[in-house]
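Thanks for coming. I will take one structure and go through it from the inside outwards. Please have the picture open while I talk.

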Amino acid sequence: MTLWSAVAAATVFDLAQPMRKGMPQSPNHPPFRMALERRHGDLVRPDGGSAANEVIVTGGHVGTHVDALAHVSQEGRLYGGLDAAELTSHEGFGALGIDEFAPYAGRCVLLDVAAAHGVPVLPAGYEITPEDLDKAAAGVEIQEGDAVLIGTGWSRLWDDGPAFVGHQDGVPGPGERAGRWLAERSPRLVGGETIAFEHIAPGRGHATLPVHRILLVESGINIVETMRLADLLDAGAREFLLVLAPLPIVGATGAPVRPLAFVSAA
């Protein structure tokens, strides 16, 4: 079987949430805005043709996006011990920006923690533990360099903005111990359905982000957030081909992405 015939035979899942004004997002980042700059008829060519276009304003961590290694520092240091201040300018970061992220096309393992608990959606504020990940990973080997996604079912709440953001009740996600469990397996990247790839306790917001520190600063592992995994979870997919390439915005700490999962029928 050729590569393209194998891809053609697979079911493709779009893992990006649609980007629209007012979509759920962290209040720490500039909101997404899109407006038509030119409408059809504003300028008509001699042959009767017309074109419309828009202007888009967005933060790099809004919607489905990838965190660059420059996104988080600890005690003023980025991954590899680099000095964050020395790398920062008004044009962004001189190293570890999202433009340095090499496009990923490879094996992905999906750990459905919600299914491991027998529910479609984990409770708000639930902390995912290493024991949860062991249970969800039963029968599937995580290899070094794989992509690893965690299923919480949280993308099912996308249309309920306040619940999705979880300011009041919190958001399910990996705690510090689970973050170390992931880092020990040396994945190329990790991802999940929530705004922050973290356990967010009720009423705590993004006060501390230990999993970001463990993955980005200590381990050099990129994070993909706000993924749309509900359909993939419903299909029972556990391993598949993932294609993921964020916009290569020079010096940026993150960028939108449209991940695609190719799931074999076999």
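I start with a term: a residue is buried when its relative accessible area is under 20%, exposed when that area is over 50%, and partly exposed in between, using a 1.4 Å probe and protein chains only. A second term concerns the element names: helices (H or I, at least four residues) and strands (E, at least two) are DSSP runs, numbered from the N terminus.

Now the ground rules. This is a predicted model, in which local features need pLDDT of at least 70, side-chain atom pairs count only at pLDDT 80 or more, and totals for chains, interfaces and linings use all residues. Residues are numbered from 1 along each chain as its sequence is written, and side-chain values use heavy atoms, with hydrogens and water left out.

Let us look at helix α6, residues 176–184. Its buried residues are A178, G179, W181, L182 and A183. They pack against β7 (104–112), β8 (127–128), α4 (130–136), β9 (147–151), β10 and α7.

What comes after α6? The helix is followed by S186, which has a positive phi, near 50°. S186 is not a glycine, and its place is the loop between α6 and β11. With a relative accessible area of 32%, S186 is partly exposed.

Next, helix α7, residues 210–219. How many of its 10 residues are buried? Seven are, and the helix is mostly covered. The seven are V211, H212, R213, I214, L215, L216 and V217. Their cover includes β4 (65–67), β10 (173–174), α6, β11 (189–192) and β12 (222–225). After α7 comes G220, again with a positive phi, this one near 70°.

Both helices feed into a core. A nonpolar core here is a set of buried Ala, Val, Leu, Ile, Met, Phe, Trp, Tyr and Cys residues joined through side-chain atoms within 4.5 Å. The largest one has 34 residues, and L111, L133, L182, F197 and L215 touch the most other members. Elements giving two or more residues to this core are β7, α3 (113–116), α4, β9, α6 and α7. Which of them gives the most? That is α7, with five residues.

Take L215 as an example. For contact, the cut-off is heavy atoms within 4.5 Å. Not counting residues up to four places away in sequence, L215 touches G179, L182, A183, V190, F197, G220, I221 and I223. Apart from the largest core lies another, of 26 residues, including Y104, A147, A261 and V263.

Now the empty space. A cavity is found on a 1 Å grid over the protein atoms alone, as a set of points where a 1.4 Å probe fits but cannot get out; lining residues have an atom within 4 Å of a point. Points are joined across faces, edges and corners, and a volume is the space filled by probe spheres set on them. The count is two cavities of 30 Å³ or more.

The largest holds about 40 Å³. Its lining consists of I128, I150, T152, P172, G173, P174, G192, E193, T194 and F197. For the classes, Ala, Val, Leu, Ile, Met, Phe, Trp, Tyr, Cys and Pro count as nonpolar, Asp, Glu, Lys and Arg as charged, and the others, Gly among them, as polar. That lining divides into five nonpolar, four polar and one charged.

The second largest cavity has about 30 Å³ of space. R38, L43, R45, G49, S50 and A51 line it, which is two nonpolar, two polar and two charged residues.

Three loop residues to finish. Is T129, in the loop between β8 and α4, buried or exposed? T129 counts as buried, because its relative accessibility is 19%. Beyond its sequence neighbours up to four places away, T129 touches R177 and A178.

E75 sits in the loop between β4 and α2 (84–87). Its phi is positive, near 55°, in a residue other than glycine. E75 counts as exposed, at 73% relative accessibility.

Last is R258, in the loop between β14 (254–256) and β15 (260–263). R258 is exposed, with a relative accessible area of 59%. Leaving aside neighbours within four places in sequence, R258 is in contact with D14, A16 and V243. The side chains of R258 and D14 are joined by a polar contact of 2.7 Å. Such a contact is a pair of N or O atoms within 3.5 Å; within protein, one must be able to donate a hydrogen and the other to accept it, and residues adjacent in sequence count only if both atoms are side-chain atoms.

Conventions: 1 Å grid on protein atoms, 1.4 Å probe; cavity = no way out; pocket = protein on both sides within 12 Å on 5 of 7 lines; lining within 4 Å.
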